[in-house]
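Thanks for making time. I have a few minutes on one model, so please look at the picture first.

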Amino acid sequence: MTWNTKVTELLNIKYPIIQGGLAYLAYSELASAVSNSGGLGQITAMSLESPEALREEIQKVKKLTSGPFGVNFAIGQHGRPYTHFLDVAIEEEVPVVSVTGGNPEPFFNYLDGVDVKKLVLVAAKRQAQKAEQLGADAVIVVGQEGGGHLGKDDTSTLVLIPHVVDAVSIPVIASGGIGDGRGLMAALSLGAEGIEMGTRFIATKECVHANEKYKSAIVKGTVSDTTVIKRTLGAPGRAITNKWTEKILELEKMKAGYEELKQFISGQANKNYIYNGMEDGGFAWAGQVMGLIDDIPSVEELINRIIKEANEIRHQWGK
Ligand SMILES: Cc1cc2nc3c(=O)[nH]c(=O)nc-3n(C[C@H](O)[C@H](O)[C@H](O)COP(=O)(O)O)c2cc1C
């Protein structure tokens with residue numbers, strides 16, 4: 001069975017499966033494994049120390065795969081200036097960029113005239129419409145069950161995808177809560193042209209930067225073992241529930257501001273868990289889908305399995 005969708009055509013990939021930008025985790029090993037397995041792998045620019053470190057990482061990906069890949073830019077409020085990083089992506093002629101966490105307008109203006117496919121990760125209809133208006137080639141739409149930063153409206157993927165599909169003409173890529181062939185087929189049924197997965201790709205062999213304790217927490221965790229933190233800062237994000245997230249919620253309940261919360265939600269606190277395995281000494285983003293994840297396969301095994309499951313469903317449906 002073939003897998004042609006508007007997203008496979010747009011991105012020139014075999015399967016409509018995209019690996020999400022994953023702050024501090026999405027490097028060349030993971031991205032190239034996804035691209036070599038027929039999906040679109042991505043590396044995350046803003047987790048890298050410098051533009052030159054991004055160049056090195058891009059060059060590593062190019063050595064490891066001949067397939068298309070993306071560079072993700074999280075351009076959040078407290079983020080670093082990104083134009084020097086974007087310059088490198090342009091110079092290295094990366095085929096795809098994705099952007100999230102801020103207004104894509106200046107980002108797109110900067111890319112004016114550059115031959116690159118532009119994806120925007122959004123969490124609401126109006127953001128998707130704005131991305132389309134600004135010239136995005138596709139939108140990635142994340143529902144509230146997803147891992148990492150989310151929209152403020154708590155809309156589930158099941159509702160948000162058709163809502164956005166009806167509102168834009170560019171292809172929609174469904175994200176949030178997807179981890180297997182059933183999720184892929186569900187997303188396509190809702191009108192999406194592909195899927196993006198975050199949490200599922202962390203629990204793979206090629207996500208080499210994730211501490212084994214993080215992967216093991218994803219495998220052991222149930223659908224109820226995540227918590228949304230930073231809601232009071234207007235930047236909600238879903239993480240694995242632990243003592244650290246409980247402390248954050250307690251502070252948020254007491255109306256702590258950014259200054260008080262800073263040390264608990266910092267990049268260092270994130271790294272303490274995801275790199276150093278300090279399960280109660282930091283936090284780790286993950287989505288509710290971790291309750292459906294029970295192994296740590298290679299990326300190739302994972303993608304082949306998802307496609308096999310999806311093909312079985314297509315067969316049952318007679319499609
Ligand atoms: C650990 C982690 C870090 C993330 N970092 C980023 C990021 O830097 N940029 C981005 O566009 N999305 C980021 N996301 C969101 C993912 O790309 C994806 O949209 C999300 O994980 C989808 O939900 P799922 O985890 O249920 O698959 C992150 C998600 C996780 C779990």
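Start with helices α2 and α3: their axes come within 9 Å and cross at roughly 35°. That crossing is right-handed. This is a predicted model, so please hear everything I say with that in mind.

Which residues meet there? From α2, Ser28, Ser32 and Asn36. From α3, they meet Glu57, Lys60, Val61 and Leu64. By type, the residues of this contact divide into two nonpolar, three polar and two charged. On the spacing of those positions, a general point: an α-helix has 3.6 residues a turn, so residues three or four places apart point the same way.

Now α2 by itself, residues 28–36. Why call it largely enclosed by the rest of the structure? Because seven of its nine residues are buried, with under 20% relative accessible area as the cut-off. The buried ones are Ser28, Leu30, Ala31, Ser32, Ala33, Val34 and Ser35. They pack against strands β1, β2 and β3, and against helices α3, α9 and α14. For those following in the sequence, α9 is 199–202 and α14 is 299–317. Just after α2 comes Gly38, with a positive phi of about 100°.

Next, α3, at 51–64. How far apart should its ends be? It has 14 residues, and at 1.5 Å a residue the expected span is 20 Å. The end C-alpha atoms are 20 Å apart, which agrees. Buried in α3 are Ala53, Leu54, Arg55, Glu57, Ile58 and Val61. So two charged residues, Arg55 and Glu57, are on that list. The cover over the buried residues of α3 includes α2, β2, β3 and α4, the last being 83–91.

That brings us to the sheet. It is open, with eight strands in the order β1-β9-β8-β6-β5-β4-β3-β2, and the pairing is parallel. Which strands are at the edges? β1, at 17–19, and β2, at 41–44; each pairs on one side only. Neighbouring strands are turned by 25° against each other on average, direction ignored.

At the β1 edge, β1 pairs with β9, residues 194–197, in the parallel sense over three bridges. Gln19 stands opposite Met197 in β9. One more helix packs on the sheet: α7, residues 157–165, touching β6 at 138–142 and β8 at 172–175. The direction of α7 makes about 170° with that of β8.

To go back to where I started, α2 packs against both edge strands, β1 and β2, through its buried residues, and α3 is among its other partners. That is what I have.

Terms used: Residues are numbered from 1 along each chain as its sequence is written. This is a predicted model: local features need pLDDT of at least 70, side-chain atom pairs count only at pLDDT 80 or more; totals for chains, interfaces and linings use all residues. Side-chain values use heavy atoms; hydrogens and water are left out. Two strands pair if DSSP finds at least two bridges between them. Helices (H or I, at least four residues) and strands (E, at least two) are DSSP runs, numbered from the N terminus. Axes are lines fitted to C-alpha atoms, for helices over the stretch in contact, and angles run from 0 to 180 degrees between N-to-C directions. Contact means heavy atoms within 4.5 Å. Buried means under 20% relative accessible area, exposed over 50%, partly exposed in between (1.4 Å probe, protein chains only). A crossing is left-handed if the near helix is turned anticlockwise from the far one by less than a right angle, and right-handed if clockwise. The expected span of a helix is 1.5 Å times one less than its number of residues.
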